[in-house]
Amino acid sequence: MFFIYFTGMALFFTKTYIQLFLQLGILAYVAYLTFSNRLDFNKSVKRNLTFLLAWFGAFTVLVKLTESWAYSQKADSNTILTLFRIMAIAVALFIYVTDYNKAVSVIKSFIYSNVIMAVTVLLSTPLSQYGKAGDEGFGNVIGQQRNVFGAIMTFLVLLCILFYQYENFKHGKKLAVFFVFALLCSGSRGAMLQLVIIVFLYVITI
């Protein structure tokens with residue numbers, strides 16, 4: 001279910017109603033598992049939820065309060081709505097991930113969903129738009145901006161390497177190479193710099 005959720009959110013980035021349907025679907029799925037007692041709502045889960053609501057909930061409330069003293073506000077801004085949606089999905093994740101194995105499973109779902117997203121972007125973007133920004137730039141066919149796309153690819157490279165080392169993720173190396181390739185195609189210089197920094201930190205802390 002999380003694989004479907006992650007994949008749909010990545011592929012239909014500009015389709016608001018599809019994203020809303022996917023978010024309500026994953027919330028309903030976790031709620032069903034919770035109330036049917038298929039999830040272990042233990043002390044660890046309660047502690048993690050309390051931690052999440054304390055800091056992210058307080059942050060969301062603070063952002064809402066800033067509207068009262070902001071010198072200007074962007075018309076039709078969806079910042080507050082986005083924060084509440086993030087918090088709802090985060091709560092669902094914290095409830096669902098009751099142990100280490102489920103955490104690994106959800107992260108692997110995220111990795112595979114982004115393989116599909118990256119392949120879709122590479123195939124749907126004309127070669128003439130590779131490395132370009134703007135309305136006609138890389139990834140815009142499905143609403144993926146190149147810098148965001150590049151940042152995701154960079155993060156996935158690190159995940160794949162770590163999972164290959166510590167979780168026997170046999171496809172880890174191959175997928176890491178693929179994500180580096182996708183990053184280079186995006187032309188995101190900021191993301192490339194992030195990758196260099198991550199590699200540096202990885203080498204000195206290994």
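## Cysteines

C185 is buried, at a relative accessible area of 11%, where buried stands for under 20%, exposed for over 50% and partly exposed for the range in between (1.4 Å probe, protein chains only). C160 is likewise buried, with 0% relative accessibility. The structure, a predicted model, holds zero disulfides, a disulfide being a pair of cysteine sulfur atoms within 2.5 Å. The closest cysteine sulfur to that of C185 lies in C160, 16 Å away, and is therefore too far for a bond.

## Nonpolar cores

The largest nonpolar core (buried Ala, Val, Leu, Ile, Met, Phe, Trp, Tyr and Cys residues joined through side-chain atoms within 4.5 Å) has 26 residues, of which I111, M117, F149, M153, C160, L175 and F179 touch the most other members. At least two residues of this core come from each of α5 (100–124), α6 (146–166), α7 (172–186) and α8 (189–205), helices being DSSP runs of H or I with at least four residues, numbered from the N terminus.

Beyond its neighbours within four places in sequence, L175 is in contact (heavy atoms within 4.5 Å) with I111, Y112, V115, C160 and F169. A second, separate core has 16 residues, including Y5, L22, V45 and L49.

## Exposed residues of α8

L201 belongs to helix α8 and is partly exposed, with a relative accessible area of 42%.

## Basis of the values

Residues are numbered from 1 along each chain as its sequence is written, and side-chain values use heavy atoms, with hydrogens and water left out. In this predicted model, local features need pLDDT of at least 70 and side-chain atom pairs count only at pLDDT 80 or more, whereas totals for chains, interfaces and linings use all residues.
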